[in-house]
Amino acid sequence: MKLTTKALTRISFNVALIATSAYITIPVGPVPFSLQIFAIYSIAFLNSRKTAVLSILLYILLGLVGFPIFSNGQGGLAILTSPTIGFILGFIPLTYITSSKKHDKFPLHVFIIASISLYLLGVLGLVSYFKYIAHIPYSIPAIVKSSVIVFIPSDFVAFTLSFEVSKKLITQLNLNLNEL
């Protein structure tokens with residue numbers, strides 16, 4: 001797979017954007033609210049699928065090797081045993097799905113499918129965390145309520161804003177997403 005200098009630059013910028021947005025958090029239960037989701041949706045809308053997914057993979061890899069770029073400055077292999085690991089891994093299918101096709105009209109179906117993939121991996125990560133790491137009794141309805149339901153409105157707003165801003169940027173800057 002050959003990457004152009006332009007693509008490598010965009011990937012680097014994208015990783016920096018995600019890492020920076022991870023530091024802007026509001027604690028909400030076991031999974032904090034952060035601006036990461038807005039950054040990730042924007043990356044998916046403003047880049048080719050390859051560039052967008054490579055950006056997410058590099059972000060996760062850098063975090064796993066120890067760079068403190070996950071929410072609240074976390075980094076290293078310890079994140080694999082954290083309650084947020086499912087959501088972090090969920091960024092991959094979310095980005096793949098969201099960047100699957102560039103849309104002129106609002107793609108509600110893309111939001112629904114991408115969100116299901118993110119939330120499914122997030123809930124699986126939390127169940128694994130509570131069962132195998134923390135050894136805390138849990139109920140799946142409580143996990144869904146505290147880590148999915150509370151995030152749907154803000155995720156929808158992030159999706160909508162990133163879609164609208166990206167659409168304007170693509171038009172104003174005359175971006176050809178097939179080149180990226």
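Biologist: Which residues does Phe159 touch, leaving out those up to four places away in sequence?

Modeller: In this predicted model, Phe159 touches Tyr41, Phe45, Thr98, Phe106, Pro107, Val110 and Phe111. Phe159 itself sits in helix α7.

Biologist: Why is Phe159 called buried?

Modeller: Its relative accessibility is 0%. Buried means under 20%. Phe159 therefore counts as buried.

Biologist: How far apart are Phe159 and Thr98 in sequence and in space?

Modeller: They are 61 residues apart along the chain. Their C-alpha atoms are separated by 9.5 Å. Phe159 and Thr98 also touch.

Biologist: Ser162 is in helix α7 too. Is Ser162 buried or exposed, and how do you know?

Modeller: The relative accessible area of Ser162 is 0%. The cut-off for buried is under 20%. So Ser162 is buried.

Biologist: What does Ser162 contact, beyond neighbours within four places in sequence?

Modeller: Phe38, Tyr41, Ser42 and Phe45. Ser162 and Ile40 lie 122 residues apart in sequence, yet 8.9 Å apart C-alpha to C-alpha.

Biologist: Tyr41 has come up twice. What is Tyr41 in contact with, again without neighbours within four places?

Modeller: Leu94, Thr98, Phe111, Ser115, Asp155, Ala158, Phe159 and Ser162.

Biologist: What makes Tyr41 stand out in the largest nonpolar core?

Modeller: The number of members touched. That core has 38 residues, and Tyr41, Tyr59, Leu94 and Leu118 touch the most other members.

Biologist: Which elements give two or more residues to this core, and which gives the largest share?

Modeller: The contributors are α1 (5–22), α2 (36–46), α3 (49–64), α4 (85–98), α5 (108–133) and α7 (152–173). Helix α5 gives the largest share, nine residues.

Biologist: Now to a helix pair. Why are α3 and α4 called roughly antiparallel?

Modeller: Their axes cross at roughly 175° and come within 9 Å. Angles over 145 degrees count as roughly antiparallel. That makes α3 roughly antiparallel to α4.

Biologist: Which residues meet where α3 packs against α4?

Modeller: From α3 come Arg49, Ala52, Val53, Ile56, Leu57, Tyr59 and Ile60. From α4 come Ile88, Phe91, Ile92, Thr95 and Tyr96. They divide into 10 nonpolar, one polar and one charged.

Biologist: Why does Arg49 count as charged and Thr95 as polar?

Modeller: Arg is listed with Asp, Glu and Lys as charged, so Arg49 is the charged one. Thr is in neither the nonpolar nor the charged list, so Thr95 is the polar one.

Biologist: Leu58 is also in α3. Why is Leu58 called partly exposed?

Modeller: Its relative accessible area is 30%. Partly exposed lies between the buried limit of 20% and the exposed limit of 50%. Therefore Leu58 is partly exposed.

Biologist: What does Leu58 touch, not counting residues up to four places away?

Modeller: Ile11 and Val15. Leu80, 22 residues from Leu58 in sequence, is 16 Å away C-alpha to C-alpha.

Biologist: How many salt bridges does a search of the whole structure find?

Modeller: One. The partners are Glu164 and Lys167.

Biologist: What makes that pair a salt bridge?

Modeller: The closest N and O atoms are 4.0 Å apart. The cut-off is within 4 Å. Glu164 and Lys167 therefore qualify, at the cut-off itself. Both lie in helix α7, three residues apart, about one turn of the helix.

Biologist: How exposed are the two partners?

Modeller: Glu164 is partly exposed at 32% relative accessible area. Lys167 is partly exposed at 30%.

Biologist: What is unusual to look at in the backbone of His135?

Modeller: Its phi is positive, about 55°, although His135 is not a glycine. The residue lies in the loop between α5 and α6 (140–147).

Biologist: Why is His135 called exposed?

Modeller: The relative accessible area is 61%. Exposed means over 50%. So His135 is exposed.

Biologist: Where is Asn72, and what is its phi?

Modeller: Asn72 is in the loop between α3 and α4. Its phi is near 60°, a positive value in a residue other than glycine.

Biologist: Which residues does Tyr129 touch, not counting those up to four places away?

Modeller: Thr81, Ser82, Pro83, Ala134 and His135. Tyr129 is in helix α5. Thr81 is 48 residues from Tyr129 in sequence and 6.5 Å away in space, C-alpha to C-alpha.

How values were computed. Residues numbered from 1 in each chain as written. Predicted model: local features only at pLDDT ≥ 70, side-chain atom pairs only at ≥ 80, totals over all residues. Heavy atoms only, no water. Core = buried A, V, L, I, M, F, W, Y, C linked by side-chain atoms within 4.5 Å. Buried < 20%, exposed > 50% of the residue type's maximum accessible area, 1.4 Å probe, protein only. Helix = DSSP H or I, 4+ residues; strand = E, 2+ residues; numbered from the N terminus. Contact = heavy atoms within 4.5 Å. Salt bridge = Lys/Arg side-chain N within 4 Å of Asp/Glu carboxyl O. Axes fitted to C-alpha atoms, helices over the stretch in contact; angles between N-to-C directions. Parallel < 35°, antiparallel > 145°, perpendicular 65-115°, else oblique.
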